[in-house]
Amino acid sequence: TDSAPRAILIARFLAEKLLAVGIDAQVVPMRPEELLRDVLVNRRFDVYVGRHPGSHDPDFLRPLLHSRFASEPGWQNPFGYANLQVDDLLVSQRLESGRARNATLRTLQRTVATDCPFAVVAFPDDIRSVRTDRVTGWTDHGLHTVESYLALERRAGSTAPDPPDWNASTTPETGESGLRMTTTDDRPTKNLNPLSVEFRDGGTITGLLYDPLARSIDGELVPWLAESWRWIDEPAADGPALEVTLRDGLRWHDGERLTTSDVAFTYDFLTDTSMGEMEIPVPAPRYRGLTSLVADAAALDSRTVTLEFVTSSRETALRALSVPPLPAHVWRETATPATVASLGDGSVTEAIVWENMDPVGSGPLEYEGSTVNERLVLTPYDDHFLARDGLDGPVEPFEGGFSSDRLTFRVVPSGEAAVELLLSGAADGTATSVMPQNVPPGGHADDAQVFTRSANAPNGGFMSTTS
């Protein structure tokens, strides 16, 4: 009830109206991971209230609503929805662009609105508070995004407390250095598996640990781990094909080289995390909509990989580059069957249920330590490509990488507690949104700011007020 107060308010309102028309209804608050496991993995629910992660590209509707995905876990059609007309429209929009695609999407939306497999009931504003006395650049790329953390700059002369003592039984508040964020979501202190759908509402924290080939910056997909790419004019497959070149000298956090063999492995692995060892393929619950666009991935050499796509437009196919490569030498060992009582009768692999609390990624930050239900600490990865000189293009503003010596996410019980820590100077910002009643009245802190973003505004579109 504290971590998702808006959902509780909406659920109680719905229950009240259902009871008014004679339908017995009861609100059952659940921990976020339990709710998402029941809804997205076990499909065990009557009505649920939760927030959809959303997307910038309407192709996210294809895995959300196409009947072929109805039996898969994750955000792939958890409603069991099946409409052949919708299936055809979803395939058509994947092949189109411009006005033709917009017309198809309008027809699609009208049809889905008539069938109503789900109902949009609210667009809650995203309200966050930050301090401006130690760092600047909070709203250059939204708040609590990978780009926003990388764009922050430490103010000259600002001081930071000593780092935490991980050998102590408890870590005092004053022992947190670097950038200090509060969060009401304790799941990242227990699970950092980028494939575990019930632990991943958004992808910011795992996005700091795992880099994609391409990242969306200001609405444009730009090379990230990839140095460049080019379309193959005469692809062997029916769909488009792309040749991707990685940046030179990429390494995983454990020091191993990151090569195109890891990239090819990732697309195969996410399509079937059992690597062909189970009777029925077990696709990863996350990134399924993106990996389903890739028909084949083949490494040509250590830095060049070709991607052949299913029949689709180049615009849609390019979205598959936002999948983060995984280190083959780590994840290949997780392609084994797993039995978990809470995951129903479906076949699962260790890759899907693994907690991954010592993650080996390639992102700008790496894992340092955590305390369950208390805090998670990440530190800059010194061998990341952003730490090099001479970067140009869209990544140039992020040259140097994360500017502080560490990033701490401290778990708090409520938005009210988060704002209290911020006003006292014990925190620099709220990583999770707070409620309007948590926003402090003016004059409580000269260096505190409140930022509000409308749920349907473009990414990074914030209004701010200083308190």
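**Burial, contacts and salt bridges in a predicted model**

Colleague: In this predicted model, are Asp59 and Arg62 buried or exposed?
Modeller: The side chains of Asp59 and Arg62 meet in a salt bridge, at 3.0 Å from N to O. As for accessibility, Asp59 and Arg62 are both buried.

Colleague: Which residues are linked with Asp59 and Arg62 in a network of salt bridges?
Modeller: The chain has a count of 24 salt bridges. Asp59 and Arg62 belong to a network of such bridges. The other members of that network are Asp57, Arg101, Glu315 and Arg319.

Colleague: How many residues apart are Arg303 and Glu227, whose pair links distant parts of the chain?
Modeller: The side chains of Arg303 and Glu227 form a salt bridge, with 3.3 Å from N to O. Arg303 belongs to the loop between β9 and β10, whereas Glu227 is in strand β7, residues 226–231. Along the sequence, the separation of the pair is 76 residues.

Colleague: Why does Arg303 count as partly exposed?
Modeller: The partly exposed class runs between the 20% limit for buried and the 50% limit for exposed. Its salt-bridge partner, Glu227, is partly exposed because its relative accessible area is 43%. Arg303 is likewise partly exposed, because its relative accessible area is 26%.

Colleague: In the salt bridge of Asp405 and Arg406, what is the relative accessible area of Arg406?
Modeller: The side chains of these two residues meet at 3.9 Å, N to O. Asp405 counts as partly exposed, because its relative accessibility is 38%. Arg406, in contrast, is buried, because its relative accessible area is 9%.

Colleague: How far does helix α8 reach from its first C-alpha to its last?
Modeller: Helix α8 covers residues 260–271, which amounts to 12 residues. At 1.5 Å a residue, the expected span is 16 Å. The model is close to that expectation, with a reach of 17 Å.

Colleague: Why is α8 described as largely enclosed, and how many of its 12 residues are buried?
Modeller: The buried residues include Thr260, Asp262, Val263 and Ala264. Further along α8, Phe265, Thr266, Tyr267, Phe269 and Leu270 are also buried. The helix is largely enclosed by the rest of the structure because the number of its residues that are buried is 9.

Colleague: Which strands are included in what covers the buried residues of α8?
Modeller: The cover includes the helices α9 (288–291), α11 (328–331) and α12 (350–353). It also includes the strands β8 (241–246), β9 (294–299) and β10 (304–309).

Colleague: What is the C-alpha to C-alpha distance between Ala297 and Phe265?
Modeller: Ala297 is placed in strand β9 and counts as buried because its relative accessibility is 8%. Beyond four places in sequence, Ala297 is in contact with Ala264, Tyr267, Thr306 and Leu307. Ala297 and Phe265 are 32 residues apart in sequence, and their C-alpha atoms are separated by 8.1 Å.

Colleague: Which residues are in contact with Arg288, leaving aside its neighbours within four places in sequence?
Modeller: Arg288 is part of helix α9. Its relative accessibility is 8%, so Arg288 counts as buried. The residues in contact with Arg288 are Arg68, Phe69, Glu72, Gln76, Thr271 and Pro283.

Colleague: How much accessible area do Leu18, Val21 and Ile23 have together?
Modeller: Val21 lies in the loop between α1 (5–20) and α2 (32–41). With a relative accessible area of 63%, over the 50% cut-off, Val21 is exposed. Together with Leu18 and Ile23, Val21 forms a nonpolar surface patch whose accessible area is about 260 Å².

Colleague: Among contacts between residues at least 6 apart in sequence, what share joins residues at least 24 apart?
Modeller: The secondary structure comprises 13 helices and 18 strands. Of the 467 residues in the chain, 51% are buried. For the contacts in question, the share is 66%.

Colleague: Where does pLDDT stay under 50 with 34 contacts beyond four places in sequence?
Modeller: Over the chain, the mean pLDDT is 87, and 89% of the residues reach 70 or more. One segment under 50 is residues 162–175, with 22 contacts beyond four places in sequence. Predicted coordinates should not be read in detail where pLDDT is low. The segment with 34 such contacts, also under 50, is residues 457–467.

Definitions and conventions:
Residues are numbered from 1 along each chain as its sequence is written. This is a predicted model: local features need pLDDT of at least 70, side-chain atom pairs count only at pLDDT 80 or more; totals for chains, interfaces and linings use all residues. Side-chain values use heavy atoms; hydrogens and water are left out. Helices (H or I, at least four residues) and strands (E, at least two) are DSSP runs, numbered from the N terminus. The expected span of a helix is 1.5 Å times one less than its number of residues. Buried means under 20% relative accessible area, exposed over 50%, partly exposed in between (1.4 Å probe, protein chains only). Contact means heavy atoms within 4.5 Å. Patches are made of residues with over 30% relative accessible area and no salt bridge: like charges are joined within 9 Å, nonpolar side chains (Val, Leu, Ile, Met, Phe, Trp, Tyr) within 5 Å. Accessible areas come from the Shrake-Rupley method with a 1.4 Å probe; for residues, only the protein chains shown count as cover. A salt bridge is a side-chain nitrogen of Lys or Arg within 4 Å of a carboxyl oxygen of Asp or Glu. pLDDT is the predictor's confidence in each residue, from 0 to 100.
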